[in-house]
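User: Can you walk me through this one? I'd like the fold, the crosslinks and a few residues.

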Amino acid sequence: MKKITLFSFALIALSLASCKKSRTCTCTGTTTTTVTQSGTINSGPTSSSSPEAYTEVLNSATKKTAKGKADCNSRTLTFTDSFTSGGTTTKTDVTQDMTCTIK
């Protein structure tokens with residue numbers, strides 16, 4: 001009976017140890033910037049897009065801890081900035097759309 005219990009604990013420890021391994025987080029997406037001016041100078045929105053990609057290696061991580069890392073989650077972020085100078089208001093909208101996978 002003692003050998004069976006010892007063997008069971010060894011098997012559980014081995015299975016838990018194998019869950020933690022090096023994982024790779026790969027993210028790809030696009031950042032879009034739109035600038036609009038109004039006031040003294042009026043201009044329609046001008047947009048530009050740029051592709052984004054990065055890879056991060058997470059040493060000794062489980063899938064759960066890797067998903068808990070903010071940089072490894074798919075996301076859409078939106079930022080808005082506005083300032084006025086010389087009677088012209090410039091508004092900048094930035095949208096970042098990222099799709100991430102963990103392997």
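Analyst: Here is a short run through the fold, the disulfides, the core and some contacts. Keep in mind that this is a predicted model.

User: Start with the fold. How many helices and strands are there in the protein?

Analyst: Two helices and four strands. Read from the N terminus, their order is α-β-β-α-β-β.

User: What share of the residues is buried?

Analyst: Of the 103 residues, 17% are buried. The accessible surface is about 7,400 Å². Carbon and sulfur atoms account for 60% of that surface.

User: And the contacts between residues at least 6 apart, what share joins residues at least 24 apart?

Analyst: That share is 63%.

User: Now crosslinks. How many disulfides does a search of the whole structure find?

Analyst: Two. One joins C25 to C72, with an S to S distance of 2.4 Å. The other is formed by C27 and C100, with sulfur atoms 2.1 Å apart.

User: Take C25 and C72. Is their link left-handed or right-handed?

Analyst: Left-handed, with -135 degrees about the S-S bond. C25 sits in strand 1, while C72 is in the loop between helix 2 (63–67) and strand 3 (75–85), so the bond ties together parts 47 residues apart in sequence.

User: Are C25 and C72 buried or exposed?

Analyst: Both C25 and C72 are buried.

User: Same questions for C27 and C100. Left-handed or right-handed?

Analyst: The C27 and C100 link is right-handed, at 115 degrees about the S-S bond. C27 belongs to strand 1 and C100 to strand 4, so this pair ties together parts 73 residues apart in sequence. C27 and C100 are both buried.

User: What's the pairing, if you number the bonded cysteines in sequence order?

Analyst: It is 1-3, 2-4.

User: Switching to the core. Which residues make up the largest nonpolar core?

Analyst: Nine residues: C25, C27, L58, A61, A66, C72, M98, C100 and I102. Strand 1 (21–39), strand 2 (43–61) and strand 4 each supply at least two of them.

User: Which strand gives the most to this core?

Analyst: Strand 4, with three residues. As background, nonpolar side chains in soluble globular proteins tend to be buried together.

User: M98 is on that core list. What does M98 touch, beyond residues up to four places away in sequence?

Analyst: M98 touches C27, T28, G29, T30, E52, Y54, S74 and R75.

User: Okay, T90 next. Where does T90 lie?

Analyst: T90 is in strand 4, which covers residues 88–102.

User: Why does T90 count as buried?

Analyst: Its relative accessibility is 10%. Buried means under 20%, so T90 qualifies.

User: Which side chain does the T90 side chain make a polar contact with?

Analyst: The side chain of Q37, at 3.4 Å. Leaving out residues up to four places away in sequence, T90 touches V35, T36, Q37, D81, S82 and F83.

User: Last one, T92. Where is T92 found, and what is T92 in contact with?

Analyst: T92 is in strand 4 too. Setting aside neighbours within four places in sequence, its contacts are T33, T34, V35, F79, T80 and D81.

User: What separates the C-alpha atoms of T92 and D81?

Analyst: 5.1 Å, for two residues that are 11 apart along the chain. D81 also turns up among the residues that T90 touches.

Methods:
Residues numbered from 1 in each chain as written. Predicted model: local features only at pLDDT ≥ 70, side-chain atom pairs only at ≥ 80, totals over all residues. Heavy atoms only, no water. Buried < 20%, exposed > 50% of the residue type's maximum accessible area, 1.4 Å probe, protein only. Polar contact = N/O pair within 3.5 Å; in protein donor to acceptor, adjacent residues only side chain to side chain. Contact = heavy atoms within 4.5 Å. Areas by Shrake-Rupley, 256 points an atom, 1.4 Å probe, with all protein chains shown as cover. Core = buried A, V, L, I, M, F, W, Y, C linked by side-chain atoms within 4.5 Å. Disulfide = S-S within 2.5 Å.
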